[in-house]
Amino acid sequence: MKPIGIISALPEEIEHLKSGSLETVEVCGLSFHKGKVDGRDAVLVETGIGKVNAAIVTTLLIERFDCRGVLFSGVAGGLDPALSIGDVVIGKRVVQHDYGRLQNEKLITFQPGAFPLPGMDSTHGFEIDDALMARAEEALDGVALKGLDDVEGAANTNPRVVFGTILTGDSFVNCEVTRQRLHDNFKAQAVEMEGAAVAQVATQMGRPWLIVRCLSDLAGAESHMDFNGFLSVTTENAASVTRRLVEAFD
Ligand code: ADE
């Protein structure tokens, strides 16, 4: 079978998924590691941060490495007060929240590539298909995540996995007012900087995609501190879910 492309933005995110012997191929200054994840052929790559990096890598995984699907594994800021650091969100719908039209100092979001002008269709977002979601749910049965019981201010002894809306934009959200606005406007669970770009490219190229994000922070004023403090455990939780989800592409 053709390999699955596994993408992360940061070395900490991809490191948990590397195991066994890997063959490394350099393309455009990026290292693509061919190996196995959960017994299936995979190509693992660290993109660096942001939508353009994610788009370059997704294109290369599909064009050069003939990947049959792509999965992003990493961390995100939480937007939904019902969720805690350590919980994992899988994108049922992913939206580029920073593409659109600025009008009266407000951004009106459009689907990437659409003319963001008045009167044009402003529906947006990419959704995973129902069959893939059903297989993903099945594959996750009994998955074990690491709790954050020993960390003051972030007790989450029993982290959970939810399907939801993930927002993508080229800014790290370190602001409570913005967190609230994004949650109110999009009813979203998490915000990150690559996922919906991966989904856009994969959709255009006719390949399935999954976005897996463990919450490393809550996107407010403390998010930069939490992000660093919880990176080790949250990247591990994202990787645990990712290992399970590889089979959903079969
Ligand atoms: N990735 C992890 N935390 C994030 C945040 N607060 N904003 C954007 N991307 C993130």
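Select helix H3, residues 130-139, and pick out Arg 135 within the helix. Helices here are DSSP runs of H or I with at least four residues, strands are runs of E with at least two, and both are numbered from the N terminus. Arg 135 is partly exposed, at 35% relative accessibility. Buried stands for under 20% relative accessible area, exposed for over 50%, and partly exposed for what lies in between, with a 1.4 Å probe and protein chains only.

The model is a predicted one, in which local features need pLDDT of at least 70 and side-chain atom pairs count only at pLDDT 80 or more, while totals for chains, interfaces and linings use all residues. Residue numbers start from 1 along each chain as its sequence is written, and side-chain values use heavy atoms, with hydrogens and water left out.

**From H3 to strand S5**

Keep Arg 135 selected and add Leu 245. The two are 110 residues apart in sequence, and their C-alpha atoms are 8.4 Å apart. Now swap Leu 245 for Gly 74: this residue is 61 positions from Arg 135 in sequence and 20 Å from it in space, C-alpha to C-alpha.

Gly 74 belongs to strand S5. Is Gly 74 buried or exposed? At 0% relative accessibility, Gly 74 counts as buried. Val 70 is also in strand S5, and Val 70 is buried with a relative accessible area of 0%. To place Val 70 against another part of the chain, select Ile 128, which is 58 residues away in sequence and 12 Å away between C-alpha atoms.

**The ligand**

Stay with S5 and bring the ligand into view. Which strand gives the most to the shell around the ligand? S5 does, with three residues. Strand S5 (69-78), strand S11 (190-192) and strand S12 (209-217) each supply at least two residues of this shell.

Next, select the 13 residues around the ligand, among which Ala 76, Gly 77, Phe 172, Val 173 and Asp 217 come nearest. A residue is taken as near when one of its heavy atoms lies within 4 Å of the molecule. Colour the shell by class and there are eight nonpolar, three polar and two charged residues. In this scheme Ala, Val, Leu, Ile, Met, Phe, Trp, Tyr, Cys and Pro are nonpolar, Asp, Glu, Lys and Arg are charged, and the others, Gly among them, are polar.

Then show distances from the nitrogen atoms of the ligand:

- To an N or O atom in the side chain of Asp 217, a ligand nitrogen is at 2.6 Å.
- To a polar backbone atom of Val 173, a ligand nitrogen is at 2.9 Å.
- To a polar backbone atom of Gly 77, a ligand nitrogen is at 3.2 Å.

The protein covers 97% of the 260 Å² of accessible area that the ligand has on its own. Such areas come from the Shrake-Rupley method with a 1.4 Å probe.

**Two residues with positive phi**

Move past the end of S12 to Ala 219, in the loop between S12 and helix H6 (223-229). Phi of Ala 219 is near 65 degrees, a positive value in a residue other than glycine. Ala 219 is buried, with a relative accessible area of 0%.

Now go to Asn 104, in the loop between strand S7 (100-103) and strand S8 (106-109). Asn 104 is not a glycine either, yet has a positive phi of about 50 degrees. Buried or exposed, which applies to Asn 104? Asn 104 is exposed, with a relative accessible area of 69%.

**Last stop**

Select Lys 18, in the loop between helix H1 (11-15) and strand S2 (23-27). Lys 18 counts as partly exposed, at 25% relative accessibility. Add Lys 34, which is 16 residues from Lys 18 in sequence and 9.5 Å from it in space, C-alpha to C-alpha.

Note on methods:
Polar contact = N/O pair within 3.5 Å; in protein donor to acceptor, adjacent residues only side chain to side chain.
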